[in-house]
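Hi everyone, thanks for coming. Please have the sequence and the structure open while I talk, and stop me whenever something is unclear.

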Amino acid sequence: MSVEEKVRKIRRSKILYSVLLIVVSVVGLGFFYVSTTYQMEFSKGTKINGIDVSGMTVDEAEKKLDSSAKNYQITLKFREEKTETISGKDIDFAYVNQYNVQEILDEQNGITWFWERDDKDYQVEGKYSLSKLQDIVKKLPELDKKNMIRPKDASPVYESGTFAVAPEVPGTTMKIKTAVSYVETALKESKDSLDMEEAYQSPEVLSDDEALNNQILKLNDLVGVSITYNLPDGSKEVLSGTQLVKWLVKDKNGNYVKKKSVWDKHMKKYVSKLAKKVNTIGKPRKFKTSAGKEITLVASPYYGWKIDEEKELEKLSKELKKRQDVEREPVYSMKEAAPSTNNYGFGKTYCEVDLGKQHLWVYVKGKKKLETDVVSGKNDPKHKTPAGAFTAYDKRQNKILRGDRRPNGRYEYETKVSYWIRLTPTGVGLHDAAWRPRFGGNIWVAGGSHGCINLPAGAAAQIYQLISNGDPIIVYY
């Protein structure tokens, strides 16, 4: 290489180094300038309380925050899509110690600005008049106790013959102190909206509560049974869950439970009510006479339907414990010969006695088989034959009838009869009276019996064969 070429190469190197030095100096000065700027201004993406302060100085940022504070408002979100807005002006809202803004800028790194973006939302605390805030919040309609709906726990409900879960009701009752506290915290953080859901009182028992759903299963097992009674008039009485659920009680938590004393009391009351509905014993009743006339028989304790309440109660209790559907008639201590729709409950086989006419008829399966004159009890308070409906029972042959026992131990009378059909426990019945030459007419008025219905011997024998124990005997004047 010649000397001239070496000189040219040296010159080119010096020029290149000079250019490079100039570039580095310019870049360095630029970087220094920008770094110095970012120590005085907020970097791109910087926010304070949600307000963009990119490129602003502390003074500019503070002015913007002051302006924002004057226009600040917070929206409170309540249930049922209701909202309330509180204005910053109404509560003297402002930002606390603005030196906090300078501290935010001081945290900004002027050296790493080139490869770092701030993209941060810094918070400075807000201040306000607590008394004004509390006054405003407490006057909100959502915090007025008169407008609040209490929350309601999920609970058992009886619908359409079965227990189910009635869903909880959230209600709108708010915990006022909690609500105010939440708003205070949101204001300090300068939030522009606040969901008030956490300030509501909530139901304690929800629909998916395990204990509640187990209770539903037990309740349905308990009342999911029906007892169907077939009644004398052809109707049916059904004891079902609709009534059984009323026999349960609610505990202090509102849960249905079976309390034995209450359950048994309701069961006894139910049986008693059923008896009052069904029993005809001791009640006046209709009857159609042989003459075709409809009459009302006097009340009689000797014929009719009568539920044996004690035995019915015992039977019902066992059936409910087994929890099986049952259809049956009640447990009776007395029954009529036929349903009430069949000849007023007397059926087609019965004995009819008209004491006014002193005449008797016997019907078997609806056909008249016999009629005869009779003599009834003497027409005085002691001996007059009672009227009403009776049941034939205690049929006997060759029975000795006795009167009252006298002080000397002897009976007022002792008479042997060939055929005897009892009507009452006090000794009134039908029997033959072979000692009487005549029957019918007005003999009974002065020469009647001690209360029994006297029959001609031949008629008595036939009646004894035609009438069975349990057949009705209808007696009227």
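Let me begin with a term: two strands count as paired if DSSP finds at least two bridges between them. What we are looking at is a predicted model. With that term in hand, look at β8 and β9, which run antiparallel and are joined by five bridges. Within that pair, Ser155 sits opposite Ala166 of β9. The hairpin they make has two residues between the strands, and Ser160 there takes a positive phi near 50°.

Now let's zoom out for a moment. The protein has 477 residues, and 39% of them are buried. Its secondary structure comes to 11 helices and 28 strands. If you take the contacts with a separation of 6 or more, 63% of them are between residues 24 or more positions apart.

Next, helix α6, residues 210–223. Its 14 residues should span 20 Å at 1.5 Å a residue, and its end C-alpha atoms are indeed 20 Å apart, so the two agree. Which residues of α6 are buried? They are Leu212, Gln215, Ile216, Leu219, Leu222 and Val223. These cover an arc of only 130° around the axis, and therefore lie on the same side of α6. What do they pack against? The partners are our two hairpin strands, β8 and β9, along with α7, β14 and α8. On the face turned away from the buried side you will find Glu210, Leu217 and Lys218, which are exposed. At the N-terminal end, Asp209 acts as the cap, with a side-chain oxygen 3.2 Å from the backbone nitrogen of Ala211.

Helix α2, residues 58–70, can be read in a similar way. Its 13 residues reach 18 Å from the first C-alpha to the last, close to the 18 Å expected at 1.5 Å a residue. Buried here are Val58, Ala61, Glu62, Leu65 and Ala69. Their arc around the axis is only 100°, so they sit on the same side of α2. Over on the other side, Lys63 and Lys70 are exposed.

Let's go back to strands, with another hairpin. Four bridges join β15, residues 285–288, to β16, and the two run antiparallel. Arg285 has Leu297 as its bridge partner in β16. Five residues lie between these strands, and Gly292 takes a positive phi near 85° in this hairpin. As a reminder, side chains in a regular strand alternate between the two faces of the sheet. In β16, Ile295 and Leu297 make up the covered face, while Glu294 and Thr296 make up the uncovered one.

Last stop: a sheet of five strands. It is open, with mixed pairing, in the order β22-β21-β20-β28-β23. Why do β22 and β23 each have one side without a neighbour in the sheet? Because they stand at the edges, each with a single partner strand. On average, neighbouring strands here are turned by 20° against each other, direction ignored. Further in, β20 (residues 350–354) and β28 (residues 472–476) run parallel and are joined by four bridges. Asp354 stands opposite Tyr476 in that pair. Finally, helix α11, residues 457–466, packs on this sheet and touches β21 and β22, its direction making about 145° with that of β22.

That's my tour, and I'm happy to take questions.

Methods. Residues numbered from 1 in each chain as written. Predicted model: local features only at pLDDT ≥ 70, side-chain atom pairs only at ≥ 80, totals over all residues. Heavy atoms only, no water. Axes fitted to C-alpha atoms, helices over the stretch in contact; angles between N-to-C directions. Contact = heavy atoms within 4.5 Å. Expected span 1.5 Å × (residues − 1). Buried < 20%, exposed > 50% of the residue type's maximum accessible area, 1.4 Å probe, protein only. Arc of directions from axis to C-beta. Polar contact = N/O pair within 3.5 Å; in protein donor to acceptor, adjacent residues only side chain to side chain.
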